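This report describes selected packing and backbone features of one model. The sequence and structure are shown first.

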Amino acid sequence: MTIQQLINGISLGSVYALIAVGFALIFNILKFSNFSHGGLMSVTAYIGYIAAIVLMNYIDSLPLFMATLVAAALGGGLLALVVERVAFRRLRSNNSPVIYYFISSITMGILLENILTIFASSNFYSYPPFLPAAVINFGKFTIAIPDLLMLFFSTSSLGILLFVLHKTKIGLAIRTMSFDINTAKLMGMDPNAVVAATFFASGVLGGISGVFLGINYTLYPQLGQMIVKGFVASVIGGLGSITGALIGAVLLGVLEIFLIGSVGAGWAPVFVFIIMLVFLLLRPRGIAGVVVQEKA
Amino acid sequence: MEYILSTLTFTGISLIGVLGVYLVTGLTGLFSFGQAAFLAIGAYVSAVLVKNFAVSLPLAAIIAMLTGLLAGLVVGVPTVRLRRDYISLVTFGFGEAIIATLNNSTNITGGATGLSGVPQYTNFWVVLVTVIICLAIVIGYKHSKYGRQCLALRSDELAAKAMGINVERLKLITFLIASVMTSFAGVLYVFYTSYVEPGAFGWVVSAEWTIIVFVGGINSLTGAVAASILLTGLPEMLRFASEWRIIIYCVIVLLIINFRPTGIFGENELSLRRIKQFIRKGAKAA
């Protein structure tokens, strides 16, 4: 593995980290795998695209890029609130079993994707080039500027998230709720507000990752199926741990770039699957090693 | 007539898939998003054997089912010990990996363009008989010791374990039965259409099967059968625009989950006794 591959891998991994953390946040608090996150990412990729096209006439390069990110992030956050309201609020008040959350989130994901398919009619779009596709040289190695930007923006948004989680009151509330939702309720906390805040945060992350995915690949309604990468990263890192998801995502990014270099892009998913299986056999708790108990 | 028969045949084939999902999801409460990959395994293994190696059809079908069993073991053994979420994640990855493999081994499977020119051996009646046999197996399983253990496991895994049920073995057995059944459906599929491509087996197909089980009612086999006839057969016949069809599915499922979590049929099953009861009630009322 060369240093160059490592650099590319980390930059890919940072995008995966955004996906994985957005997914882990919800897992932490409601204890189910939120498949609707994928549909949300597809929608926000389109929101970002529309924002970019509209704003292109007024601003360009870096401000345009940032404006696009903000639009997609806000769109994602609001959409996540809607998703929570439609798909999960009633389930929570009914005390439904986890299976129902599950099926509800998958359905929501497929629904969002197919609404997009109808309106975008499966056409492929691509983002306007925000920045000249230049590269920066570090001695022998090169980094493309878009990659560098993605790395910068994803690490800083993850940094902000970690700050919010650990240093603010709402962050404390979210962590309390993920620890034990019933006790938190008894202490007089409003679960609806905290869950909504968590969904908003996860939607913001989903929005940013949607834009990055749209830039990295082309824009199509099934873009959100990249959520698989977030899942795999969470499995490697350990479900229910945010740091685990981060580590898993970067590892996965590096691994994928390496596999693409050695066995080709087509076979990479097969090997990633095998690695995931081996991981589950040897260390089912993932790297972070948090044991998530099935609640009786 | 030809058209109706072919629609019914496809409905029958997907009904077998739905029955597999019913075993895994409805009875045991696990989620498999790679169930369609077993369809792919059955279809490709048998088609390649018959077409390229001139193996006889029954032997090819048996090998296809064994391959499905093997794949089920590979996926099942590491995952049954873990939380249920993992099963859905792993089966999901498994499905995608199978599709990637099919897409890439161009010299054997024809890659993304698919495999064509498979002789047509199956017809509606073969499918019908298979559906009836599978239905019998599933009904038998549901009412056997294992089926009841599955129900216990679904509602509370910890309690089931405490009652001495070997939860892991039970999950694995159920998963394997579903795998083999779905693989056989794949054999039927390829020898009916005489053409397969990897794109037909994506996770959306698996998710659609799961949705069908839910719409019918997770506790009711009758519900699953009725829902799959309703949701796959009718739209085909009425020529719905396929994209709107999925949206309608999704809205129905969201409504059901939110307002009638037990599904259309709830716990009810169609049986002779029930019909008699129903008629008697009607007679009294009249």
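The text below covers a nonpolar core, a helix pair and two backbone angles.

This is a predicted model, in which local features need pLDDT of at least 70, side-chain atom pairs count only at pLDDT 80 or more, and totals for chains, interfaces and linings use all residues. Residues are numbered from 1 along each chain as its sequence is written, and chains are lettered from A and ligands numbered from 1 in the order in which they are written.

**Core.** The largest nonpolar core (buried Ala, Val, Leu, Ile, Met, Phe, Trp, Tyr and Cys residues joined through C-beta atoms within 7 Å) has 177 residues. Its largest share, 15 residues, comes from helix α1 (residues 3-30) of chain A. A17(A), A20(A), V21(A), Y22(B), A40(B) and Y44(B) have the most contacts inside this core.

**Helix pair.** In chain B, the axes of helix α7 (residues 145-155) and helix α9 (residues 167-193) are 10 Å apart and make an angle of about 115 degrees. Therefore α7(B) is roughly perpendicular to α9(B) (65 to 115 degrees). Residues Y146(B), Q149(B), C150(B) and L153(B) of α7(B) meet V167(B), L170(B), I173(B) and T174(B) of α9(B) (C-beta atoms, placed from the backbone, within 7 Å).

**Positive phi.** Most residues other than glycine have a negative phi. Two residues of chain B with a positive phi are tabulated here.

| Residue | Phi | Loop in chain B |
|---|---|---|
| A54(B) | about 55 degrees | between α2 (35-53) and α3 (57-79) |
| S194(B) | near 60 degrees | between α9 and β2 (195-196) |

A54(B) counts as exposed because it has 8 C-beta neighbours inside 10 Å, and S194(B), with 16, counts as partly exposed (buried is 20 or more, exposed 12 or fewer, partly exposed in between).

Technical notes
Helix = DSSP H or I, 4+ residues; strand = E, 2+ residues; numbered from the N terminus. Axes fitted to C-alpha atoms, helices over the stretch in contact; angles between N-to-C directions. Parallel < 35°, antiparallel > 145°, perpendicular 65-115°, else oblique. Contact = placed C-beta atoms within 7 Å.
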